[in-house]
Amino acid sequence: MRLYFTLCLILLNLFQSSAQVPSVSRYDLNKKRLLIQTCSMYLYNANQGAIDADSSVVLACKAYKLPVSLAYDEGFNDGKFLIGNDLINKGNIDSATKLLAKSKNEDRIKLLVQLSNFYLFKPGTKPDDLKNAKTYIDEAIQVSNQLKIKKWQNESLLLLGKFYYQANNQAEGNKCFLKVIDECRKQKNQLGLAQALDAYGTLLFNLDPQKEKILQEAISIYASLKMEEKRIENYMKITTIYFWGGKINDAKKRLYQSLVDFRKIGFTHQQFTETTITFIELGQHNIPSALYYALKSVKRMEAENDYTFGDIFYTRLGDVYNTYGHNEEALELYKKSIKIGQQTLGSGVWYKSFLSAVAALSQKKKDKEALAYIDTMTADYPPKSTFDKMLVAYARGNCYGALKQYDLAEKYFIEMDSYAKQLNKPETFREVIHAYATMSYLYAYTNNAKKAKYYTDKVLTLSKTNNKPYNSEIFQYSLYKIDSLNGNYIGALEHYRNMKRLSDSVVNVSKNKQIEELKIDYETKNKEQKIKLLNDQSELQQSELQKSKLLNSVSVWSLVLLLVIIALLYNRYRLKQRNHAKLELKEKEIHQKNLNLTHLLEEKEWLLKEIHHRVKNNLQTVISLLNSQSAYLDNDMALSAIKNSQHRIHSMSLIHQKLYNSENISTINMPNYIKELVEYLRESFSLGQRIRFELKIDQLELDVAHAVPLGLILNEAITNSIKYAFPEDRTGMIYVTLATISENNYVLRIADNGIGFDANLTQKPNSFGMMLIKGLSDDLAAKLNIENNNGTVLKIEFSQEFPLNQKVK
């Protein structure tokens, strides 16, 4: 379990700055703003709520020597002369106030807006700053209304909305934003609308369901206006939503796309994105990818001499090395990161590098040395935030636990608990819930079932409250020991199996390491072979030079021989001309026969299409008849049976419709067919957004003999999931996958994350749906498997003996 503790500590690392400041003069105004947003968003999220968003902006601007106003003045500062801008950027507010007294009309509004920004976005939320901001905002609204200039009316109202959010009056803030949004829609002011949506969506809580929708609309407008920097910036905000909302794979996809977008616009500060990808890949045990992007971020930093926040990247590379088991190299990187972090701009988050160094020592079984290191470091740099205090107590408890000094371990875990109770933000959820899982593990390991259960219950409660599932090897061990100590051996066995499965995943990480080492070894040998080949080629070139003289003499005799051959060929040509005339007559006869055959083939294809069309119409007629019949029934079971029959008939009807509309009358395009079938079922049950679907369908074309049973099986499985997997109007996901597992062998998988199924259901003889699925599987000679795995999973493996153009070109 020592390895697990240290890995979890590694994943808690956050990110800091360094001493050297790179030049960003090559960037235009839009890219400078993008740099501020990229860096500040990273710092804000990485700090996990320890500093506010405005402090993150100030830190980013200070690091890159950019004016703080650039982060907030996009609506009115286009890079041209702006009255009073220099004074405010230098903090000379008295001079700016004197200039305001002399200003009139638009110049006055511009100064009022800038002064409002200055006070509104100062780090922290001081009452005097908010009061000054409100005074200038109110006057800006008054002057803009007097001048009746829509741009400044909207800009002033947006500032008022931001003020209300700072003052914790979200309802009034929403009114201001929505008023500007409605006004811009009426004016068809696309740029103003995008900026209003951007400002509104940015301030909404990350878990607010409206936030992503609002930012997506802003992205669409920015894309249409070809404002790439703003489009990328808003996608980064959506990535943050995915990350804190638990959609880690979606966040990872967006991060990879961000790298592509950065390259397209020539934005080179990609290291913040690369190190975030490293963090996610490391958490998912994708070690090769994590190592690649960790090295890439460090090389980019060193190549550009950009050591701003350099301790971030050294720490992240150290995390990867530590996971590989290269603890000495990791420890050196952590110490390098700590040295840079202690010379930072004052972010204070370098503490995570220190805790990672503790983890590296613990993994090397140097727990006494790790404890001494903690004492030395905390004496000089005591933890300031509640979060850091919790992690220091956590590190001490783990070290004492590894030394089997359980009384001291319990003492520090109880201290850790006292800090964890004060942390209730979603940004710190992962660390808090793991802290409780660790406490449960300690008590379970020492056979204290009562206290162990107390903390496992806390884990389950937090997981349910935050709607984020939690699982780990130590958590499953705790549940196993609790059930075992209480005599619940069936439950204990199940948790033990889960623990072993998670343990095997750690072993797989080690295997990935071995594979990577073999790959490096192979690439080294391959390069050596290439060097040898180049040497051989050099020797061959020398030999070719010697041969060239011989070839010159041979060429003369070759020319003579060529003339003789030409004479013979000419004679042959005359003979062919005579034969050619005879062949032309024969070719005309063959061509005429081909035309006749082509005509017959076209008639045949037309007739087959007509048959499919009529079959489709007949099936639609049957559906209509069933629909008419249902109007005279009041028996729920009968109505349900008719509805199910209609769905089954529609799945077959859709196939004949596809064959009728397609140029290829022998096979069905499975991605299009399954997508339309799922859409039909979604609309038929009026699901809205309650149940969503995720489709992963390989580009396959199957014949009708396979497509019809598969369509009926899909219909039955999806209908069952919709009806029974999500009772009481629960929300959920249904996953449909059709993939190639080998040549002519495929697997169809339908899964949901619902309540699962009754294991006895598959044994009921009167379950028509199950009988139909089993019967259709037998028709396909397929292997059917149904199981519970965080919901119901139905998997069918089948083959196609005579494949027909499976891969769509």
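Start by selecting Lys-150: with a relative accessible area of 42%, it's partly exposed. You're in a predicted model, by the way. Now add Glu-183, which is partly exposed too, at 23% relative accessibility. The two side chains meet in a salt bridge, 3.2 Å from N to O. Color the helices around them: Lys-150 lies in H8 (residues 150-166) and Glu-183 in H9 (residues 170-187), so this pair ties together parts that are 33 residues apart in sequence.

While you're on charged side chains, pick Asp-198, Lys-230, Glu-233 and Lys-237. Salt bridges with shared partners join these four into one network.

Next, select residues 228-244, which make up helix H12. From its first C-alpha to its last, H12 reaches 25 Å over 17 residues, close to the 24 Å expected at 1.5 Å a residue. How many of its 17 residues are buried? The count is 16, so H12 is mostly covered, buried being under 20% relative accessible area. Following H12, click on Gly-246 and check its backbone: phi is positive there, near 90 degrees.

Hop over to Arg-108 and Glu-139 for another pair. Their side chains form a salt bridge at 2.5 Å, N to O. Arg-108 belongs to helix H6 (residues 105-120) and Glu-139 to helix H7 (residues 127-147), so parts 31 residues apart in sequence are tied together by this contact. Glu-139 is partly exposed, with a relative accessible area of 21%.

Then try Lys-31 and Asp-28. Their closest N and O atoms are 3.9 Å apart, and the two form a salt bridge. Which of these partners is buried, Lys-31 or Asp-28? Lys-31 is buried, at 12% relative accessible area, whereas Asp-28 is partly exposed at 39%.

For a change of chemistry, turn on the surface and select Leu-561, Val-564, Ile-565, Leu-568 and Leu-569. Together they form a nonpolar patch with about 490 Å² of accessible area. Zoom in on Leu-569: it sits in helix H25, which covers residues 489-630, and is exposed, with a relative accessible area of 54%.

Finally, zoom out to see the whole protein. Cartoon view should give you 29 helices and seven strands. Of the 809 residues, 46% are buried. The accessible surface comes to about 42,800 Å², with 54% of that belonging to carbon and sulfur atoms. If you like contact maps, residues 24 or more positions apart account for 66% of the contacts with a separation of 6 or more. And if you want more charged pairs to click through, the structure holds 25 salt bridges.

Technical notes. Residues are numbered from 1 along each chain as its sequence is written. This is a predicted model: local features need pLDDT of at least 70, side-chain atom pairs count only at pLDDT 80 or more; totals for chains, interfaces and linings use all residues. Side-chain values use heavy atoms; hydrogens and water are left out. Patches are made of residues with over 30% relative accessible area and no salt bridge: like charges are joined within 9 Å, nonpolar side chains (Val, Leu, Ile, Met, Phe, Trp, Tyr) within 5 Å. Accessible areas come from the Shrake-Rupley method with a 1.4 Å probe; for residues, only the protein chains shown count as cover. Helices (H or I, at least four residues) and strands (E, at least two) are DSSP runs, numbered from the N terminus. Buried means under 20% relative accessible area, exposed over 50%, partly exposed in between (1.4 Å probe, protein chains only). Contact means heavy atoms within 4.5 Å. The expected span of a helix is 1.5 Å times one less than its number of residues.
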